Amino acid sequence: METTDRFRAAVEQRDLSALDELFTEDVRFYSPVKFTPFEGRPMVLGLFGVLLRTFEDFRYVGRFGGTAQTSADGGEAPSEILLFRAAVGGREVHGIDLLHYDETGRIKEFTVMVRPQSALQALSEAVFAGLVADGLVPGPA
């Protein structure tokens with residue numbers, strides 16, 4: 001899917017502005033560390049800004065396509081999985097990005113899964129600090 005190619009290029013080039021037009025206005029981002037999704041293009045773009053600063057040596061290493069049931073409405077949607085490798089705080093990260101598309105080809109749902117748990121913990125701490133620093137979420141009480 002063309003959107004996947006454009007998304008992958010934007011992430012690999014760390015080009016946040018190129019991501020803007022690829023997401024629906026009401027995009028949902030399901031994080032491996034947060035029960036409820038991040039919702040809406042401004043919030044998801046802010047999160048991507050933090051992620052692009054947090055991951056070290058980020059690279060996609062595989063791709064699979066098909067259809068899958070979405071979380072928001074349970075409908076079938078064109079979907080792709082991108083496998084990635086990266087590092088966070090010196091820890092090797094293995095993960096997948098699951099992208100669901102709307103009828104116009106824009107990303108309407110985005111789910112990230114990461115392993116191992118030690119890398120997930122390092123990622124969680126780094127992303128939370130970045131979100132607080134960027135004013136996207138409140139800091140700890």
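Helices here are DSSP runs of H or I with at least four residues, and strands are DSSP runs of E with at least two, both numbered from the N terminus. With that in hand, open the tour in the loop between helix 1 and helix 2 (16-19), where Arg 14 sits. The phi of Arg 14 is near 55°, a positive value in a residue other than glycine. The model is predicted.

**The sheet**

Select the strands next. Six of them make an open sheet in the order 2-1-6-5-4-3, with mixed pairing. Strand 2 (38-39) and strand 3 (56-69) are the edges, each pairing on one side only.

**From strand 3 to strand 6**

Start at the strand 3 edge and walk inward. Strand 3 runs antiparallel to strand 4, and eleven bridges join the two. To find the register, pick Gly 62, whose bridge partner in strand 4 is Leu 83. The two strands form a hairpin with six residues between them, and Gly 74 in that turn has a positive phi of about 75°.

Keep Leu 83 selected and look to the other side: its bridge partner in strand 5 is Ile 96. Ten bridges join strand 4 (residues 76-88) to strand 5, again in antiparallel fashion. A second pair to display here is Arg 85 and, opposite it in strand 5, His 94. This hairpin has two residues between its strands, and Gly 89 in the turn shows a positive phi of about 55°.

Move on to strand 5 (residues 91-101) and strand 6, which run antiparallel and are joined by eight bridges. Select Tyr 101 to see Ile 107 opposite in strand 6. Five residues separate the two strands of this hairpin, and Gly 105 in the turn has a positive phi of about 90°.

**The parallel pair**

Now select strand 1 (residues 23-30) with strand 6 (residues 107-115): they run parallel, with four bridges between them. Arg 28 marks the register, its bridge partner in strand 6 being Glu 109.

At the end of strand 6, step to the peptide bond from Arg 115 to Pro 116, which is cis with omega near -10°. Pro 116 belongs to the loop between strand 6 and helix 4.

**Helices on the sheet**

Before selecting the helices, display strand 4 and strand 5 again, the antiparallel pair with ten bridges. Helix 3 (residues 41-54) packs on the sheet and touches strand 1, strand 2, strand 3, strand 4 and strand 6, its direction making about 55° with that of strand 1. Helix 4 (residues 117-133) also packs on the sheet, touching strand 2, strand 4, strand 5 and strand 6; the angle between its direction and that of strand 5 is about 70°.

**The largest pocket**

Turn to the largest pocket, with a volume of about 360 Å³. Its lining has 26 residues, and Phe 29, Ser 31, Leu 47, Leu 51 and Val 127 lie nearest the centre. Helix 1 (2-12), helix 3, strand 3, strand 6 and helix 4 are the elements that give two or more residues to this lining. Helix 4 gives the most, six residues. Colour the lining by class to see 22 nonpolar, two polar and two charged residues.

**The annotated range**

Finish by selecting residues 6-109, the range covered by the UniProt annotation "domain: SnoaL-like" from an unreviewed entry. Over this range the chain is 24% helix and 49% strand, and its end C-alpha atoms are 16 Å apart.

How values were computed: Residues numbered from 1 in each chain as written. Predicted model: local features only at pLDDT ≥ 70, side-chain atom pairs only at ≥ 80, totals over all residues. Heavy atoms only, no water. Pairing = 2+ DSSP bridges. Contact = heavy atoms within 4.5 Å. Axes fitted to C-alpha atoms, helices over the stretch in contact; angles between N-to-C directions. UniProt positions renumbered as here; feature names shortened; annotations may be inferred. 1 Å grid on protein atoms, 1.4 Å probe; cavity = no way out; pocket = protein on both sides within 12 Å on 5 of 7 lines; lining within 4 Å. Points joined across faces, edges and corners; volume = space filled by probe spheres on them. Nonpolar A, V, L, I, M, F, W, Y, C, P; charged D, E, K, R; others polar.
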